[in-house]
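User: I'd like to learn how to read a structure like this one, feature by feature. Can you walk me through it?

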Amino acid sequence: MLEAILLTIATAATPLLLAAIGELVAERSGVLNLGVEGMMIMGAVAAFAVAYTTGNPWLGALAGALAGVSFSLLFGLLTLTLATNQVASGLALTILGLGASGMLGESFVGLPGVKLEAVSIPVLSDLPLVGRLLFGQDPFFYLSILLGIGVWWFLFRSRAGLELRSVGANHASAHALGLKVIRVRYLAVMFGGLCAGLAGAQLTLVYTPQWVENMSAGRGWIALALVVFASWRPGRIVVGAYLFGAVSIGQLHAQALGIGLPSQLLSALPYLATIAVLVLISRDRRATLMNTPASLGQPFVPDR
Amino acid sequence: MLLQTRKLTKVFGTLTACDAIDFSIRSGEIHALLGENGAGKSTLVKMLFGSLQPTSGQIVWQNSPVTVASPAAARKLGLGMVFQHFSLFDALTAAENITLALDERAPVADIGEKARALSVQYGLPVDPNAVVGDLSVGERQRIEIVRCLLQDPSLIILDEPTSVLTPQEADRLFETLFRLRDEGRSILYISHRLDEVRRICDAATILRHGKVVGHCQPDRETPGTLARMMVGDTVAQITRAPHAATGETPAILVSRLSQPPVGPFSTALHDVSLTVQRGEVVGIAGVAGNGQGELFDALSGEQRQSLADTVQLSGKPAGLLGVSARRRLGAAFVPEERLGHGAAPQMTLTENLLLSRHATDGSAFIRKGGVIARDMIGRAAARISAAMDVRKGAEDPPAAALSGGNLQKFLIGRELDRQPAVLIVNQPTWGVDAGAAARIRQALIDLARNGSGVLVISQDLDELFEISDRIAVIHDGALSAAMPVAEATAERIGLLMAGAAAAPGNAGVAA
C-alpha cells in the first residue's frame, strides 16, 4: 500500500520536476519564459498522437520533446532575436499552445493511449524497500532525477554553466567579456522547451495514457512558481516538486478516507504546503538575492 | 623601450581627444599619466588597451609596431588593465569572476587556488570563495589586480586606482606595485593625486587638452610645479568689475554645514561655510571624490540638514526643505550625472522638463484637474533648445538619445529658463565639447550678471578661472575660504587641492 502511494507520488512529481528544471536553466540565463504550460501541452498532444499512430511510446516521447523545443524556438525568435517583451510573449505562447493542442488533439479524444512501461533495472530493483521505488520506475522518472543532478553540476561546476549564470546576472558585462549572450540564451530556452515537452509527454505516456484537452491542468504554472520559490536552485526544485506531488496524492487519499475537512481545503493543501515550505527554506534574503538572475526578463540588444 | 606611441591621435567628431601623443614607457618603471578630467588620459589608455582604435599614429610594443584590435589582443601582447569602474559580477564568487575573464579552460576551483596563491605572494589577500557583492571596493580592486596578474602581463595599466581606497589600502597597493616593478614589469599609473605620483612614480607624462605638455621625474618636482604643468600657467585672464560688498541678502549662505558620510564610499562634510552674493559666480575646485557630490546634495536638498539656518537661499532658511521646496525659493540645480540624475534617460525632453519644473511652474504646465499642458511644455522646450542651441535628431527625443553636450545644454537651459535667483551646478561642462562648453559658461556668467547668485563645482580649473569671481577649494570634505580670482594662481589652487593647507582661510601657504 505505502509503496503504491510512493510510486504515484513519484509519477505526480516527475512532470513538475522536468518542467521546472528546464525553466530554471532558461531563467538562470536571464530569460523568463511564461510559456511552460503551452510547451508542456504541445508536448503532451504530440507524444500521444505519435505514440498512438506508430504504437511506439519511445517515438512519442521524442515527438513530445521536439514539440517543446520547436515551441521554445518560436519564443526565442520573438524575445531574443526580435527583443519583444518576455512576459507578453510567454503568455501568448501558453494561450497558443492550449488552443493549438486542443485543435490538433480533437480526433484523439477518448482513444486508448500507449503506455511507456516501467523499466526495471536488474538486481537493483530487487533491493528491499527502495528497490522498486528507485529502480523499477518509468524512464521519465530516471531522466528527471538525472537532469536534476546534471543541471546542478552544469550550473555550478562547469565553465559553460558559469558563463550561463553570468549572462543571467548581467548581460552587459557578459557581452563585454566576449560571451555570446543571445546564443547562450537560445540554448537555455531550447533546453527549457525540451524539458517542458518531455513533461507533457510524461502526462500522456505514463501518468494517464489518454488525451484530454487542457490535461496539463496548470502544471506548467506550478513549475514556474516552483522555480521562483526554490530561489533558482536545482536541489530545492526537487524538494518542491516532490513535496507538491506528495501532498497532492496524500490529500486524495485523505478525501477517499473521508476526513472531516472540506474537500476544497484539501485540494488547496498542496499549494499551501509547497509555498510554506519553500518560503521557509529560502528565508535567507541575501542568499535568495544572490541566486536571483539580475537581468531576468530584460531584453538584450547589443550595441552596434 | 617596452611601449612607445608615435603621433597617436584620436578624433571624435570635432573634438581632438588625443593630439599627436608621443611618450614611452621603459621596462621596470612606474610611469604616471597626469592630467585633469578631459585631458585625454582615458582616450589614450583605451587606444593602448584596444577598446578604441586611433585615428592616426602608431603604437610600438617592444620595438615593433602593432595594431591593438581588441582588449583580448592587448592581453595577448602582455598588457593588463585594472579599471576604475570595476567589471565584476556581484552575484558570482571571486574565483568565478576571475575564471570568466581568462581564456584558460581550467576548473574554477583550480583557478581559485592559483589566484589565492598569487594574491598571497603579492600581499593582496583574496578569498576565492567570497561572493563579490559582499566585498568592499578595495577587495574588489584586489580581485581585478589578481585577475590581471594571472595573465602575467609586462605592462599593467591602473586607472585612478586609489580614488576608491582608504589611505591604508593605498599604501598596501603601493607596496605591491613596487614588487611588480622589481620583477621587471612596468606600470602605467593614471592619477591626478600629485603627492601620490611624487611618492611612487619614476617618470611622468603630463597631458593637457589632448596634448603632451611635458615629461618629468616626479620626485624632482613640487606639487606646485606639477599642478602648474597640469593646469597650464597661462590662465585666461578675464577682467571683471570686483563685486562690491553690498548690504544685500546673499543668494546662498551656508553656515557651518557638517554631515557624516551618507554611504559606504561617501565623504563627510566638515564645517563648510560659504557665501555667494547676488551677481557673482563662485567656483569650487577640488580633486574628484573630496565631497563635491555630497556638498551639492546638501545644497540641493537631496540631503536635508538638521537646522533650518544651515543653508539659506535668498535669505530664507532652507535647511529643512526638500528639493522642490528649495526650488520654490527660486533656486535651481544641475547635478553632475546627466543621465539618471539630471534626466530620466528613457523619457523625452518635454517630460524631463516637466519633471524638474512641475513644482515651480505647475500653474503654467498643468491645467486644472491635473492634465498636462503639452502645448505649453512643448513651447518651453523649443524655447530652451533655441536659446542653448540644443541639436537633436527629432522634435522631442528621449534624453538618452542626445549627445552628452547637447543634453547638458538642455539641462542647464531648463533651469536658466526660469531665471532662477540661485543656480548651483556640479561639473557643468564635464565631457562636453569645447563649443558647447563655451556656450554653457557664457550662460552661467550672463545669469550672474543679471543679478543671480551662481555656484559652480568643477574639476576643470581652466573653467573656474574663466568664469568665477571667487574660487574656493574643497579637500576631504572641508572648504577653504573663497579667494578673489585675481589672487588665485594655479599653484595656490593646486596646493589646496592636494590638501597642503587644510585650515579654512589659510590659503596659499607653500609647502
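User: In what sense do β17(B) and strand β18 of chain B pair, and over how many bridges?

Analyst: This is a predicted model, so read everything below as computed from it. To read a strand pair, look at the sense of the pairing and then count the bridges. Here β17(B) and β18 (residues 453-457) of chain B run parallel, over five bridges. For a landmark, find Val422(B), which stands opposite Gly453(B) in β18(B).

User: Which other strand pairs with β17(B)?

Analyst: That's β16 (residues 331-334) of chain B, again in the parallel sense, over four bridges. Here you can use Ala332(B) as the marker: its bridge partner in β17(B) is Leu423(B).

User: How covered is β17(B) itself?

Analyst: Check burial residue by residue, then face by face. Strand β17 spans residues 422-426 of chain B, and five of its five residues are buried. One side carries Val422(B), Ile424(B) and Asn426(B), the other Leu423(B) and Val425(B), and both faces are covered.

User: What makes Asp159(B) count as buried?

Analyst: Burial here is a neighbour count. Asp159(B) has 20 C-beta neighbours inside 10 Å, and therefore it counts as buried; the cut-off is 20 or more. Asp159(B) sits in strand β7 (residues 155-159) of chain B. Its C-alpha atom is 9.4 Å from that of Leu33(B), although the two residues are 126 apart along the chain.

User: What about helices: how many residues of α1(B) are buried?

Analyst: Eight of eight, so to speak a full house, in the helix that covers residues 41-48 of chain B. The buried set is Lys41(B), Ser42(B), Thr43(B), Leu44(B), Val45(B), Lys46(B), Met47(B) and Leu48(B). After α1(B) comes Gly50(B), with a positive phi near 85°.

User: Where else does a glycine with a positive phi turn up?

Analyst: Try the hairpin of β1(B) and β2(B), which has two residues between its strands; Gly13(B) in that turn has a positive phi of about 55°. The strands, β1 (residues 3-12) and β2 (residues 15-25) of chain B, pair in the antiparallel sense over seven bridges. Thr5(B) stands opposite Phe23(B) in β2(B).

User: How do I read an open sheet, and why do β12 and β15 of chain B each have one side without a neighbour?

Analyst: Write down the strand order, then look at the two ends. The order here is β12-β11-β14-β15 (chain B), four strands with antiparallel pairing. Strands β12 (269-276) and β15 (316-317) of chain B are at the edges with a single partner strand each, so one side of each lacks a neighbour in the sheet. Further in, β11 (residues 252-259) and β14 (residues 311-313) of chain B pair over three bridges, antiparallel. Val254(B) has Val311(B) in β14(B) as its bridge partner. Helix α9 (residues 292-300) of chain B packs on this sheet, touching β11, β12 and β14 of chain B, and its direction makes about 60° with that of β12(B).

User: And how do I describe two packed helices?

Analyst: Two packed helices are described by the angle between their axes and by the distance between those axes. For α12 (residues 374-388) and α13 (residues 404-416) of chain B, the axes come within 9 Å and cross at roughly 115°. That crossing is right-handed. On the α12(B) side the contact uses Ile384(B), Ser385(B), Ala387(B) and Met388(B), while α13(B) brings Lys409(B), Phe410(B), Ile412(B), Gly413(B) and Arg414(B). Sorted by class, the contact has five nonpolar, two polar and two charged residues.

User: What does chain A look like by comparison with a sheet-bearing fold, that is, how many helices and strands are there in chain A?

Analyst: Chain A has 13 helices and zero strands. Of its 304 residues, 47% are buried. For contacts in chain A between residues at least 6 apart in sequence, 79% join residues at least 24 apart.

User: Last one: how many residues does each chain put into the contact?

Analyst: Chain A gives 13 residues and chain B gives 13 residues. On the chain A side, α7 (159-169) and α8 (171-176) are the elements that give two or more residues. The largest share, six residues, comes from α7(A). By class, that side has six nonpolar, four polar and three charged residues.

Definitions and conventions:
Residues are numbered from 1 along each chain as its sequence is written. Chains are lettered from A and ligands numbered from 1 in the order in which they are written. This is a predicted model: local features need pLDDT of at least 70, side-chain atom pairs count only at pLDDT 80 or more; totals for chains, interfaces and linings use all residues. Two residues are in contact if their C-beta atoms, placed from the backbone, lie within 7 Å. Ala, Val, Leu, Ile, Met, Phe, Trp, Tyr, Cys and Pro count as nonpolar, Asp, Glu, Lys and Arg as charged, and the others, Gly among them, as polar. Axes are lines fitted to C-alpha atoms, for helices over the stretch in contact, and angles run from 0 to 180 degrees between N-to-C directions. A crossing is left-handed if the near helix is turned anticlockwise from the far one by less than a right angle, and right-handed if clockwise. Two strands pair if DSSP finds at least two bridges between them. A residue is buried if 20 or more other C-beta atoms lie within 10 Å of its own, exposed if 12 or fewer, and partly exposed in between; C-beta atoms are placed from the backbone.
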